[in-house]
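Here is a short report for a reader meeting this structure for the first time. It starts with the overall fold and then turns to single helices and residues.

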Amino acid sequence: MRLPLRDQIRQAVLDGLISGRWGPGDRVVERRMAAELGVSQAPVREALRELAL
């Protein structure tokens, strides 16, 4: 079963945080992240919102 796009993006963000790609205080720009992942900003925004909660 394939995960929804929002969940895939959330996992990619978590992987980046765990690997040290983004550290405490780093600015996360959803437009740049969307471009890097090859998706629109909406699922990136949703994934970041879920992580913030």
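Helices (H or I, at least four residues) and strands (E, at least two) are DSSP runs, numbered from the N terminus. With that in hand, D26 can be placed: D26 lies in the loop between α1 and α2.

This is a predicted model, in which local features need pLDDT of at least 70 and side-chain atom pairs count only at pLDDT 80 or more, while totals for chains, interfaces and linings use all residues. Residues are numbered from 1 along each chain as its sequence is written, and side-chain values use heavy atoms, with hydrogens and water left out.

**Overall fold**

The protein chain has three helices and zero strands. Along the sequence, the pattern is α-α-α. The radius of gyration is 11 Å, close to the 10 Å that the globule rule gives for 53 residues, so the protein chain is as compact as a globular protein of that length. Here the radius of gyration is taken over C-alpha atoms, and the globule rule is 2.2 Å times the number of residues to the power 0.38. The C-alpha trace spans about 30 × 20 × 20 Å along its principal axes.

UniProt, in an unreviewed entry, places the feature "domain: HTH gntR-type" at residues 3-53. UniProt positions are given in the numbering used here, feature names are shortened, and annotations may be inferred rather than shown by experiment. That span is 69% helix and 0% strand. Its end C-alpha atoms lie 20 Å apart.

Contact means heavy atoms within 4.5 Å. Of the contacts with a separation of 6 or more, 50% come from residues 24 or more positions apart.

**Two helices compared with expectation**

The expected span of a helix is 1.5 Å times one less than its number of residues.

| Helix | Residues in helix | Expected span | End C-alpha distance |
|---|---|---|---|
| α1 | 15 residues | 21 Å | 21 Å |
| α3 | twelve residues | 16 Å | 16 Å |

For α1 the two values agree. They agree for α3 as well.

**Buried faces and the core**

Buried means under 20% relative accessible area, exposed over 50%, and partly exposed in between (1.4 Å probe, protein chains only). Buried residues make up 19% of the 53 residues.

In α1, the buried residues are D7, I9, V13 and G16. Their cover includes α2 and α3. Just after α1, G20 takes a positive phi of about 90°.

In α3, the buried residues are P43, V44 and A47. Seen down the axis of α3, they fall within an arc of 105°, so they line one face of the helix. The arc is that of the directions from the helix axis to the C-beta atoms. These residues pack against α1 (5-19) and α2 (30-37).

A nonpolar core is a set of buried Ala, Val, Leu, Ile, Met, Phe, Trp, Tyr and Cys residues joined through side-chain atoms within 4.5 Å. The largest one has seven residues: I9, V13, W22, M33, A34, V44 and A47. The elements giving two or more residues to this core are α1, α2 and α3.

**Three residues to look at**

Not counting residues up to four places away in sequence, W22 touches A12, V13, G16, L17, V28 and M33.

Is A47 buried or exposed? A47 is buried, with a relative accessible area of 0%. By the same sequence cut-off of four places, A47 touches R6, I9 and R10. A47 and Q11 are 36 residues apart in sequence and 8.7 Å apart in space, C-alpha to C-alpha.

D26 counts as partly exposed, at 41% relative accessibility. D26 and L5 are 21 residues apart in sequence and 24 Å apart in space, C-alpha to C-alpha.
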